[in-house]
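Okay, thanks for coming, everyone. I want to walk you through the empty spaces in this one, and then a few residues and a helix. Let me put it up on the screen.

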Amino acid sequence: MRLWKRRLNDENIRVFTSARVKAVEGYIGNFKSTIAGNDGAEEIFEHGVVIVATGANEKMPSEYHYGESGRIVTQRELEERLAFHNLSDAGTFVMIQCVGSRDDERPYCSRVCCNEAVKNALRIKEEKPDATVFVLYRDMRTYGFHEPFYTEAREKGVIFIRYEPDGKPDVRINRDGCLEVEVHDFILQRDVIIPADLLILSMATVPNHDNSELAQMLKVPLSEDGFFLEAHMKLRPVDFATEGIF
């Protein structure tokens, strides 16, 4: 039996499937949540703390001709191909960072895109050592302990080209279905055109749409971008202002 199945069969763990939290009341050490199933049945569950783990979504692209060519994918879709070793005959890969984020609509950094790009670039080089991988970025932000992977990617030949917000890469689909990505290279001081076999978009991370309902239920705030707001970004990054909710 798989490890996670054994854990779910533990007598100290209860899993409510096809259910939602209908109401929460109480305080730290004495919470009572009403769990409603799809069949209409309700159960009151008593617990001491609440851990909010709603996750987030990858924004679906509306940029760079996504959906017009099977050669244009997101980082998540690239990972699916890597998992099944399905890179076909692609030899040149181009990644564009900060798609749908760090702009007027979503000014925040999603914090995972650069790490994912570097990780997947290394995966591509492992599977296809002769592949050419370009990462077109605004600012490389390999948060946490991932900076060595950025160095490793450069050592293995991944090419990083910086672009400015007012000079975003231009993507063209030729009549034969081939992709061309044009970007200004600040080191060469000229525009560069890259024929791409696969274009990978590093999309913004967006909050789930139902966060507001849960936030009101738990009496915890959301940021202006719709994410749950921690008590203090530096001093209490996993706490809410409301005691007992994390």
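So, starting on the inside: the largest cavity holds about 80 Å³ of space. Keep in mind that what you're looking at is a predicted model. If you set the bar at 30 Å³ or more, the structure has 1 cavity.

Who lines it? Going along the chain, the largest cavity has Cys-98, Ser-101 and Arg-102 in its lining, then the run from Cys-109 and Ser-110 through Arg-111, Val-112, Cys-113 and Cys-114, and finally Asp-139, Arg-141 and Tyr-143. Sorted by class, that lining comes to 6 nonpolar, 2 polar and 4 charged residues.

Let me stay with one of those lining residues, Ser-101. You'll find Ser-101 in the loop between β6 and α3. Buried or exposed, this Ser-101? Its relative accessible area is 3%, so Ser-101 is buried; the cut-off is under 20%. Leaving out anything up to four places away in sequence, Ser-101 touches Arg-106, Tyr-108, Ser-110, Arg-138 and Ala-204.

Cys-113 and Cys-114, also in that cavity lining, take us into helix α3, residues 113-127. Here's a quick sanity check on the geometry. With 15 residues at 1.5 Å a residue, α3 should span 21 Å, and its end C-alpha atoms are 21 Å apart, so the two agree. If you're doing that in your head, remember that the expected span takes one less than the number of residues.

Now, which residues of α3 are buried? Both of those cysteines, Cys-113 and Cys-114, and then Asn-115, Ala-117, Val-118, Asn-120, Ala-121, Leu-122, Ile-124 and Lys-125. And those buried residues pack against quite a list: the helices α2 (75-83) and α4 (147-155), plus the strands β6 (92-99), β7 (132-137), β8 (159-162) and β12 (198-203).

Okay, on to the pockets. The largest pocket has about 920 Å³ of space. Its lining is 24 residues, and nearest the centre you get Ser-110, Arg-111, Phe-227, Phe-228 and Glu-230. Ser-110 and Arg-111 should sound familiar, since they turned up in the cavity lining too. By class, the pocket lining is 14 nonpolar, 6 polar and 4 charged.

The second largest pocket comes in at about 730 Å³. It is lined by 24 residues, and Arg-20, Val-21, Ile-35, Ile-51 and Leu-214 are the closest to its centre. What does the lining look like by class? There are 15 nonpolar, 5 polar and 4 charged residues. As for elements, β1 (19-27), β2, β3 (42-47) and α5 (211-218) each put in at least two residues, and α5 gives the most, with 5.

Since β2 came up, look at Ser-33, which sits in that strand, residues 30-37. Ser-33 counts as buried because its relative accessibility is 6%, and the cut-off is under 20%. Its side chain makes a polar contact of 2.7 Å with the side chain of His-47. Beyond its neighbours within four places in sequence, Ser-33 is in contact with Ala-23, Val-24, Glu-43, Ile-44, Phe-45 and that His-47.

Last one, for contrast. Ile-187 is in the loop between β10 (179-185) and β11 (190-196), and at 77% relative accessibility Ile-187 counts as exposed. From its C-alpha to that of Val-52 is 45 Å, with the pair 135 residues apart along the chain.

That's my tour; happy to go back to any of it.

Key: Residues numbered from 1 in each chain as written. Predicted model: local features only at pLDDT ≥ 70, side-chain atom pairs only at ≥ 80, totals over all residues. Heavy atoms only, no water. 1 Å grid on protein atoms, 1.4 Å probe; cavity = no way out; pocket = protein on both sides within 12 Å on 5 of 7 lines; lining within 4 Å. Points joined across faces, edges and corners; volume = space filled by probe spheres on them. Nonpolar A, V, L, I, M, F, W, Y, C, P; charged D, E, K, R; others polar. Helix = DSSP H or I, 4+ residues; strand = E, 2+ residues; numbered from the N terminus. Buried < 20%, exposed > 50% of the residue type's maximum accessible area, 1.4 Å probe, protein only. Polar contact = N/O pair within 3.5 Å; in protein donor to acceptor, adjacent residues only side chain to side chain. Contact = heavy atoms within 4.5 Å.
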